[in-house]
Amino acid sequence: MFKSVLMLFICCCSVVQAMAQVPGKDLSGQIIGVVRDSSDLHPIQAATISIYKRSDSALVTYLLTNNAGNFRIGKLLVDVPLRLTVSYVGYHPKTVNFIIDGKGAKLFDLKEVKLRQRSITLGEVAITNYKPPVEMNGDTLEFNADAFKLDKNAVVEDLLRKLPGIIIWGDGKITINGRTVKNVLVEGKPFFGGQTKVATHNLPKDAVEKIQVYTDRNTNASPLDSLLNLNIKLKNNKKVGVFGKLGGGYGTRNRRNGEGMLSLFNTRSQLSLAGSSNNTNVLAKDVNAMINNSSFKGVGVNIEFQPDFSIEGQHMSNTVGINYQHDFIDLPTPTNKNRLDGSIFLNDQTRELEKITKTLIAVTESQQLIQDYKNSGSYRQINKNLSSNYNKKNDQYDFYFSPKLNLSRSSTRSTFESKSSENLTSTRSIQTGDLYQDKNDKYFLIKTGFNRGYYKLDYTSSIYNLMENQTNQSKFTDLQFPSGNSYVNRHYKNSNVDYYNEVKASIDPKKLFLNKVNLLGINLEMESLIKFEHKNRDNQVSDADSLTNTVTRNDQLSVINQYKYLEISPKLAFNKLFIKELVNRYRKSLYVYGALVYQSFRQNSTSTINTQIFDKTYGNYLPNGSLYYANDQYGDHHSTARLEYKKFTVFPTLDQRAPLPDDVNRYYQYLGNMGLRPSITEEVILNLDYTSFHLRNFIDTYSLTLKTGFTKDNIADSTNYDNAGRALGYLTNVEGAKYFITNGEVYKAFKYKDNQLQLSGKTSFTIADNPYYSNGALCMTSSIYSNSSLSALYTVRDFLAFSYSGEYSQYLSKLKGPSLDNRYRNNTIKHILSFSINVVKTLTLSSNASLNRTSSTSQPDPKSFTIWNSTLLYRFLKTNQAELKFSALDLLRQNTNIVNYGTNNNITVGQVNVLQNYFLLAIAYYPRKFGSSKANKKANK
């Protein structure tokens, strides 16, 4: 079926014209015909038709025959000697010389072209060493790279742009007749993390033997609902390679960066070494981000790994990483693999932060608290992450083993000042403080599982260890009642060890009994989930008295605690699939799913402090179910609709039930509530998705999600405020919490010759009612969160790119209570304009401007600022392997990160220090070598 579907889109796509055609000539010629087997005259579908100019053998155009063996090729040169070659796997190719007469009908009819099988001796002259541009090999469409002549520095992406039906969009997405390619593989395997542009931007075109297109047949879904893969098959002498990037730069204000990446691969193994050091807010979350940034074809391409002017504070980062992958078999497939992969990632990051905020809190209709906050600090964190994954899969079983180790060490040195006033009058109280903190975290995780088909077992185990030393000095001044003044110099020495285990087992009775049990086509599944956690806390707290120069143990905060919880959730599920289809036309399916879960939960806490001793047990039935409808109209569109019902429980934690109140922060103290009950939420979700496979359709893709739910015994805040601005809070159960959420996304792309336009829009809208208590009175916050964005990207080949993105977000809240009727709002608007132009092939100028505007109830005068960046990039050397880049960032010197957000009954605005104007000159070199010297010499003989 896939072969027929693939043939349909190949025959529908427009014929790609070769660069050999001469502009200004008459291109009105056509040639038609039908390809048949010479022995029984049956039509041959997917035969390759190639047309060349006889003068220089330049490729003009090509296509595949349709299901009836017919072909029609238009836009051909008239009165020019041409050669047509017909080929198909298992047959001898055949060639025909022809000229289209420009004075007549300009139509050349070949009638029938008969191909002979290779087992038959040919009377015609056979073409030796002929490689057709495109051919079908079973269910795989194959493009032969050597049939396309490109620049010597061309990479795989340049080759893909020449292939019929394949479009490389400006944002890097690859589509084949409207279907998005989900995986780009090299030799059937992920290539250095599986990121698309790592393969398409680094591998040279002359290292490629074939480009293969196929669907992942390791799925029971319809062909258009399965994953579309693109595989890059390398030449035998190019299956070993090295590529990377070495560079650095220095600029004004002592700004600097340095980066290096080296990736090596052979037939079975891949290894990447990467590192970076900078003080320009360039932060990499993992090794893949650094590999992605080091792509060879960087001209005119949007680079994600770049200075972030929106990050709070000034950052200095030093990063080193290793990625590895090894296959224990030569030719892995989705259903047969034996692979080990993993990474090592080390990061040392320092941040200097200066932050000022103002928070407006509605207590009653006539009482509003204003809290002004200043924070200044230095933060350093060193992370060491090691992760690995082993997966062995065949027709009998699927086994995986994934360990992960994270070691973290951090230190904090900060000071703060907080002031509280009422209704914008004089200050009522002031609190200042200093924090010194050193933490060591160790986290070890193991995930493993075994799938035998009729049963599946997954196991997760983790250990978390925290060692913390902290000194917190706090001075509180009550300007109305000096008797409330206090000074605390408190030292914490905490040692926590957490153990977590989870076992998930499921059995498919139908597979267990080899499909001998027929329950009217209904499939049953039995599953059990067991979770167990054991937390050990040894927290020793002491207070220093500067007057007596003594240190006293704080018995209210020093504690040795053991907390355990056990969750057991057996589940019985059923599903049934209804299918209606017409071969090569459509496939419609309805999937019905239902499950009943019984969730039992037990919490047990023992402690040296009596308030933390408890033993609680709960049990709930949690039904859930869904209806899923899929409509595949082959070659036209694919749409789905899903209706789902969920019921789930949130259990109170130890810190919610029985925290230890700490008065080091006098503005907020948190108490516990031993009577806190679990909250139960019921939720209904409707999801609609649509994907078109034709550019002529009105919309390419859209998705819409509607979600609504209400919560029984919602866990909410109860807070009491005094005149000095101090808050005393705890959690309690409140009825009336509900929400409605909608998320939508739409995408449309246009292509005309070398011009591309991509349009996309997103929106999210949330209405929520959140009940809470304020000063003992039940209040309700009705909130509206909305966020909408629109983006447009226009590109002309690799010559020009222009983009616009706009985002508008808003928070509105209406507070209702016995003495409360307030309305709060805040909104943020952002516009980003950018362009990139290749002035010449090796010189690129790019620039972007970000316009930002915010406003709020507590800050009615809008705040605006603009960030303008520009970059000039020059590639040199014959191979374009050297790069010189000049960057001018924040040219208007306006960057300021504005804090602006709202939650429930408060609005917070402010500013924080960020990266600002600087200029930087950088140079880089891209080492590249593909194929061993010995293999290359052998191939050239």
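Accessible areas here come from the Shrake-Rupley method with a 1.4 Å probe, and for residues only the protein chains shown count as cover. This is a predicted model: local features need pLDDT of at least 70, side-chain atom pairs count only at pLDDT 80 or more, and totals for chains, interfaces and linings use all residues. Residues are numbered from 1 along each chain as its sequence is written, and side-chain values use heavy atoms, with hydrogens and water left out.

**Exercise 1. The whole chain**

Task: State the accessible surface of the chain and the share that belongs to carbon and sulfur atoms.

Solution:
- The surface comes to about 45500 Å². Carbon and sulfur atoms hold 55% of it.
- Add the dimensions. Along the principal axes, the C-alpha atoms fill a box of roughly 110 × 75 × 55 Å.
- Add burial. Buried means under 20% relative accessible area, exposed over 50%, and partly exposed in between (1.4 Å probe, protein chains only). Of the 941 residues in the chain, 45% are buried.
- Add secondary structure. Helices (H or I, at least four residues) and strands (E, at least two) are DSSP runs, numbered from the N terminus. The chain has seven helices and 49 strands.
- Add contacts. Contact means heavy atoms within 4.5 Å. Among contacts with a separation of 6 or more, 67% are between residues 24 or more positions apart.

**Exercise 2. Two open sheets**

Task: Give the strand order of the open sheet of three strands, and say why one side of β4 and of β7 is left without a neighbour.

Solution:
- Start with the rule. Two strands pair if DSSP finds at least two bridges between them.
- The order is β4-β1-β7, with mixed pairing.
- β4 (70–76) and β7 (107–115) are the edges; each has a single partner strand, so one side of each lacks a neighbour in the sheet.
- The twist averages 20° from one strand to the next. Strand axes are lines fitted to C-alpha atoms, for helices over the stretch in contact, and angles run from 0 to 180 degrees between N-to-C directions.
- Now look at one pairing. β1 (residues 29–37) and β4 run antiparallel, joined by five bridges. I31 has I73 of β4 as its bridge partner.

Task: Do the same for the open sheet of four strands: what is its order?

Solution:
- The order is β3-β2-β5-β6, and the pairing is antiparallel.
- β3 and β6 (94–98) stand at the edges with a single partner strand each, so each has one side without a neighbour in the sheet.
- Neighbouring strands are turned by 15° against each other on average, direction ignored.
- β2 (residues 48–53) pairs with β3 over five bridges. S50 has Y62 of β3 as its bridge partner.

**Exercise 3. The nonpolar cores**

Task: Name the residues that touch the most other members of the largest nonpolar core.

Solution:
- A nonpolar core is a set of buried Ala, Val, Leu, Ile, Met, Phe, Trp, Tyr and Cys residues joined through side-chain atoms within 4.5 Å.
- The largest core has 70 residues, and L203, I211 and I232 touch the most other members.
- Strand β3 (residues 59–64) gives this core its largest share, five residues.
- Take I232. Neighbours within four places in sequence aside, its contacts include V156, V184, L203 and I211.
- A second, separate core has ten residues, including L360, C779, L815 and V909.

**Exercise 4. Aromatic pairs**

Task: Classify the pair F296 and Y926.

Solution:
- Rings of Phe, Tyr and Trp (its six-membered ring) pair if their centres lie within 6.5 Å; planes under 30 degrees apart count as stacked, over 60 as edge-to-face and the rest as tilted.
- The count by this rule is 26 aromatic pairs.
- The ring centres of F296 and Y926 are 5.7 Å apart and the planes stand at 80°, so the pair is edge-to-face.
- F296 is in the loop between α4 (287–293) and β20 (314–327), and Y926 is in the loop between β48 (918–925) and β49 (928–930), so the pair ties together parts 630 residues apart in sequence.
- Both residues, F296 and Y926, are buried.

Task: Classify the pair Y690 and Y702.

Solution:
- The centres are 5.4 Å apart and the planes are at 15°, so Y690 and Y702 are stacked.
- Y690 is in strand β34 (residues 679–692) and Y702 in strand β35 (residues 701–712).
- Y690 is buried at 17% relative accessible area, whereas Y702 is partly exposed at 34%.
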